[in-house]
Amino acid sequence: MSMLLWLQRLFVPAPSAEEEAENTIIEEKHSFFEWNQHIRILLAMLVVLISAIALWWILV
């Protein structure tokens, strides 16, 4: 299993059988949008963490 697939399964819950039957192109795009939003949040947290480490290193 790839790391990207694992992260996607972590943040996007698996659809139930009923939901899977009702999936449309719009819902797939919405799911992809949610995935992008989660990646943006994770990247923002990573940038904040790296910035905090850099500031701590400079100040110490």
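**Note on the predicted model**

1. Confidence. The structure is a predicted model; the mean pLDDT of the protein chain is 78, with 67% of its residues at 70 or more. Confidence varies by element: helix 3 has the highest mean pLDDT, 84, whereas helix 2, covering residues 17-21, has the lowest, 65.

2. Secondary structure. The protein chain contains three helices and zero strands. Read from the N terminus, the order of elements is α-α-α. Helix 3 spans residues 25-59, and the reader may wish to recall that helix 3 is also the element with the highest mean pLDDT.

3. Burial and surface. Of the 60 residues in the protein chain, 3% count as buried. The exposed area of the protein chain comes to about 5700 Å², and 71% of this area is supplied by carbon and sulfur atoms.

4. Nonpolar patch. Leu55, Trp56, Trp57, Ile58, Leu59 and Val60 together make a nonpolar surface patch of about 840 Å². One of these residues, Ile58, belongs to helix 3.

5. Ile58 in detail. Is Ile58 buried or exposed? Its relative accessible area is 59%; the cut-off for an exposed residue is over 50%, and therefore Ile58 counts as exposed. Membership of a patch requires over 30% relative accessible area, a condition that the 59% of Ile58 satisfies.

Notes. Residues numbered from 1 in each chain as written. Predicted model: local features only at pLDDT ≥ 70, side-chain atom pairs only at ≥ 80, totals over all residues. Heavy atoms only, no water. Patch = residues over 30% accessible without salt bridge, like charges linked within 9 Å, V, L, I, M, F, W, Y side chains within 5 Å. Areas by Shrake-Rupley, 256 points an atom, 1.4 Å probe, with all protein chains shown as cover. Salt bridge = Lys/Arg side-chain N within 4 Å of Asp/Glu carboxyl O. Helix = DSSP H or I, 4+ residues; strand = E, 2+ residues; numbered from the N terminus. Buried < 20%, exposed > 50% of the residue type's maximum accessible area, 1.4 Å probe, protein only. pLDDT = per-residue confidence, 0-100.
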